[in-house]
Amino acid sequence: MRVSLFITCLADTLFPQVGRATVALLERLGCRVDFPEDQTCCGQMHFNSGYEEQARRLAERFTEVFAGAEVVVVPSASCAGMVREGFPHLGAPAPGPPVLELSEFLVDRLGVEDVGASFPHRVTYHPTCHSLRALKVGDRPLRLLRAVRGIDLVELPEADQCCGFGGTFAVKNADTSTAMLADKVRAVLDTRAEICAAGDASCLMHIGGGLARQRAGTRTLHLAEILAATE
Amino acid sequence: MSAQGFPRAAREALTDSQLRANLGNATRTIRAKRAGVVEELPDWEALREAGRAIKERTLLGLDGWLEQLETSVTAAGGTVHWARDAGEANRIVSDLVAAEGAEEVVKVKSLATDEIGLNGALAERGIAAIETDLAELIIQLGDDEQSHILVPAIHRNRAEIRALFRRALAGTDDLTDEPAALAEAARRHLRERFLRARVGISGANFGVAETGTICVVESEGNGRMCTTLPETLITVMGIEKVLPEWRDLEVMLQLLPRSSTGERMNPYTSLWTGVRSGDGPRRFHLVLLDNGRTNVLADEVGRQALACIRCSACLNACPVYSRVGGHAYESIYPGPIGAILTPQLRPGEADTLPWASSLCGACYEVCPVKIDIPRVLVHLRGKVVRGRKRGEDAPERAAMALMGYAFDDPRRLRLAQRLARLGGRVRRPPGLSGWTDARELPEPPQESFRQWWARRR
C-alpha cells in the first residue's frame, strides 16, 4: 500500500524520531512511504487560537499537497482531528484521500495488531484527549501495545483526564495547565513505569517537560517509537 | 470581569488547598455517579440526539413558541410579562411584590434571578428575599458567592457549613456536621418562613408552549413549598427555556437528572399550568427574560449555548473547572458552559473566558443536548481576536503572523527550523516563562525530519 506521511510541524521540527519510527514501522509492514515535501502544518494552532484566516490558508495547502495520495497517515490524533473536524468549520475543502491517525491505519486499514515489535520495558499509556474524544480511537493503541513482545504495560490511573497541554492554553493559562500537569505526572509516577507513551508528540512534550523538570527518571515515547522497536 | 480576567482569578483559586480538595472530591463523585446511570441506558446517544433536535427546533422558532406560551399561560389564568433586560425584569418583579404589600419573599433556587441580581433589587425596595434551597441558603447566610450551577456551595465542606450554621442560625449550639443534622437545622429555620410567605419566586427549567405548563425540578422539596404555599407565584424564565410541546418533557426529564445529579429521576418535579381555585397560588405571573439572549441567537455558531438545560455535567467533567472552581469565571454561569455563555450574554466583558479551556472535549462528550462547547470556544476566540484593536496583544499576533509566514512555504519552514536549533540553546527564552516555569523545553534535534528524509532519499 502506498502511504503518504503527514509528519506534523511539531514532530518535523522537534521530534523527528517520531517520523523516523513511523517510516520504519510502516516500511516493515510492507507499505511504500511517501513524504510530500511541500507539506507544512495543518493549521490547528492558528485555528484554535482564533486566527482563522491563516488556518484556512494552511488547510487549503494541506488539501492541495495530499490531493494525489492514496491514504494519509498522521502520527498525531490531534492533527488528524483538525483535518477531519476543523477543516469543515473553516469552510476549507476536505482532502480527497482518507486521513488516518497511526493506530487507526494499522488496525483498521492494515488489519494488524501484532506489528512484530519488541520492547522489554515497563510502559504506561496516556490516551490523549483528541484520540479519545475527537477521533474516538478507543483501545486500538492499547491493542497494538499489548501485542508487543516483552512489554510490561501498566494501566494509568484517571487516564482520560487531560494533561493540561491544550496548545497555547499551556502558556496563556499556565497556572491551570500546570495544576493539571501535576496530577497527570503524579498518576504516571504512581505506575512506576519507565516510559509514558501516547499518540501525540504535543501532549508528550508537555508531560515529558514536567517529568524532566522533576528529574523523575520516567521518559516519554511516542506510540510509533515503541511499535518500531525490534530485538 | 477583572482586568486580567480568568488566568489571574484562576491563579489565586489554585492556591486554595481546601477548595482544591472539596472540589476534587465532589466533582469526582458526581462524575462517577453520572457515568453509572448513563451507562445503564442503551439508548443514551439517541436520547441526546433527541434532546439536541428539540432544542434546535425551539431556538429556530423561538418567537413563535414564546407567543404560543403567552397565549397558553394567559388562557390558564396566568399573566405574562416581557423583560428586555435585567433592569426591566427586576422592576416588574419588585412592582408585583410591592403590589401584594409583602416585605418578604421565599425563593426557589434559580439561576435567571441570580443572573439579573434580583435579590439586591428587591432589597433596595425593602423586600427581603429568602433563599430556600439548602446550598443557596448556605451561600446567602455566609454572604458568599455561588460556584456551581447545581451545587452552588460545592466549594464548602461539611465542617465549614456546620461552623456557618452555628454562627447564623438560632439553637444550633449542639449541631454536628452530619448531613441529616445540617439539613434539619436548615429545615427548622425555613419552615416558619414558608408558612408566613405571601409571595414565592421561582425560575423555570422548562415552559411548555403547547399547554402553558411551567416545570421546576429539584431535590429537596423546598421548591414545591415555594410554588404551592404562597398566594402569589412569580416565575422568571429565560426565553430559551421554552419547549414546543408537552411530549418534549419526556426526553428532557430523562436527560436532565442523569446528567446533573446522576439520578434516574429527580426527587421533585413540579408542573403547574396557570392557576386553579382552591389549589396552589391564586395569582401567577410569568416574566420572560431576554437579557442578551436574542443577540446570542443571532450568532449561528454561538447560539447553541442557548440549548443548555443547566445540568452542570460539563462543569463536573471539566479538568479546568474541577481545579479552579466557579469563582474564577466571575459569572453566575461558570465552567465550560459559562465560558461560552457569559462572553455572549455580556459582550466585551469576559474576553479571557473562551481561553479557559484546554479543548479536551470532556464537556461535549457529556452534554445531554450535544452542545459542541469546544467548537463554540474556538469560534468565540476568533471573534475576540478579530475585534482587537491595533497593538492589542501584539506579541501573540506577531508570533502567529511569523509562524503563519513560515508555514506558508516549506523553504521558509526549513529556515525557521534551523533558527529554532540555534535558539534552542537558550533554555529559558523570554516570553515563554509560562511554559518554562514548570516544564523543560524539548532540546531541538540535530536535524529536522524533512532534512533526514532529504538525506535518506
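How many bridges join β4(B) to strand β7 (residues 232-238) of chain B, and do these strands run parallel or antiparallel? There are 4 bridges between β4(B) and β7(B), and the two strands run parallel. The model is a predicted one, and this report takes the strand pairing of chain B as its starting point.

**Confidence**

The predictor assigns the complex an ipTM of 0.97 and a pTM of 0.96. For chain B the average pLDDT is 95, and 99% of the residues score at least 70.

**Strand β4 of chain B and its partners**

Strand β4(B) covers residues 199-202. Besides β7(B), β4(B) is paired with strand β2 (residues 104-107) of chain B; 3 bridges join them, and this pair also runs parallel. Particular residues can be placed within both pairings. Lys107(B) has Ile201(B) of β4(B) as its bridge partner, while Val199(B) stands opposite Thr232(B) in β7(B).

In a regular strand, side chains alternate between the two faces of the sheet. In β4(B), one side carries Val199(B) and Ile201(B), and the other carries Gly200(B) and Ser202(B). These four residues are all buried, and both faces of the strand are covered.

**Glu240 of chain B**

Glu240(B) sits in the loop between β7 and β8 (242-243) of chain B. Is this residue buried or exposed? Glu240(B) counts as buried because 22 other C-beta atoms lie within 10 Å, and the cut-off for burial is 20 or more. Leaving aside residues up to four places away in sequence, Glu240(B) touches Leu59(B), Arg293(B) and Leu306(B). The C-alpha atoms of Glu240(B) and Asp290(B) are 8.5 Å apart, with a separation of 50 residues in sequence.

**Helix α2 of chain B and the domain contact**

Helix α2 of chain B consists of 23 residues, 17-39. At 1.5 Å a residue, the helix should span 33 Å, and its end C-alpha atoms are 33 Å apart, so the two values agree. The buried residues of α2(B) are Leu19(B), Asn22(B), Leu23(B), Thr27(B), Ile30(B) and Arg34(B). They pack against four helices of chain B: α1 (5-14), α12 (248-260), α14 (313-317) and α15 (321-324).

The domain assignment splits chain B into domain 1 (1-40 + 301-387), domain 2 (63-291) and domain 3 (407-456). Between domain 1 and domain 2 of chain B, the C-alpha centres lie 24 Å apart. In their contact, domain 1 of chain B takes part with 26 residues and domain 2 of chain B with 25 residues. On the side of domain 1 of chain B that touches domain 2, α2 and α14 of chain B are the elements that give two or more residues. α2(B) gives the most to this side, with 10 residues.

**The domains of chain A**

Chain A is divided into domain 1 (2-109) and domain 2 (122-228). Their centres, taken over C-alpha atoms, are separated by 21 Å. The contact between them involves 26 residues of domain 1 of chain A and 22 residues of domain 2 of chain A. Elements supplying at least two residues each on the domain 1 side are α1, α2, α3, α5 (77-90) and α6 (102-109) of chain A. The largest share of that side, 6 residues, comes from α2(A).

Val33(A) lies in strand β2 (residues 32-34) of chain A. Val33(A) is partly exposed because 18 other C-beta atoms lie within 10 Å. Beyond residues up to four places away in sequence, the residues touched by Val33(A) are Val3(A), Leu5(A), Val23(A), Leu26(A) and Glu27(A). Cys162(A) is 129 residues from Val33(A) along the chain, and their C-alpha atoms are separated by 32 Å.

**The contact between the chains**

Chain A contributes 52 residues to its contact with chain B, which contributes 48 residues. Among the elements of chain A that give two or more residues are α4 (52-65), α10 (174-190) and α11 (201-213). α10(A) gives the most to this side, with 8 residues.

The table lists the make-up of three contact sides by residue class.

| Contact side | Nonpolar | Polar | Charged |
|---|---|---|---|
| Domain 1 of chain B, touching domain 2 of chain B | 17 residues | 6 residues | 3 residues |
| Domain 1 of chain A, touching domain 2 of chain A | 14 residues | 9 residues | 3 residues |
| Chain A, touching chain B | 23 residues | 19 residues | 10 residues |

Definitions and conventions:
Residues are numbered from 1 along each chain as its sequence is written. Chains are lettered from A and ligands numbered from 1 in the order in which they are written. This is a predicted model: local features need pLDDT of at least 70, side-chain atom pairs count only at pLDDT 80 or more; totals for chains, interfaces and linings use all residues. The expected span of a helix is 1.5 Å times one less than its number of residues. A residue is buried if 20 or more other C-beta atoms lie within 10 Å of its own, exposed if 12 or fewer, and partly exposed in between; C-beta atoms are placed from the backbone. Two residues are in contact if their C-beta atoms, placed from the backbone, lie within 7 Å. Domain bounds come from an automatic or database domain assignment. Ala, Val, Leu, Ile, Met, Phe, Trp, Tyr, Cys and Pro count as nonpolar, Asp, Glu, Lys and Arg as charged, and the others, Gly among them, as polar. pLDDT is the predictor's confidence in each residue, from 0 to 100. Two strands pair if DSSP finds at least two bridges between them.
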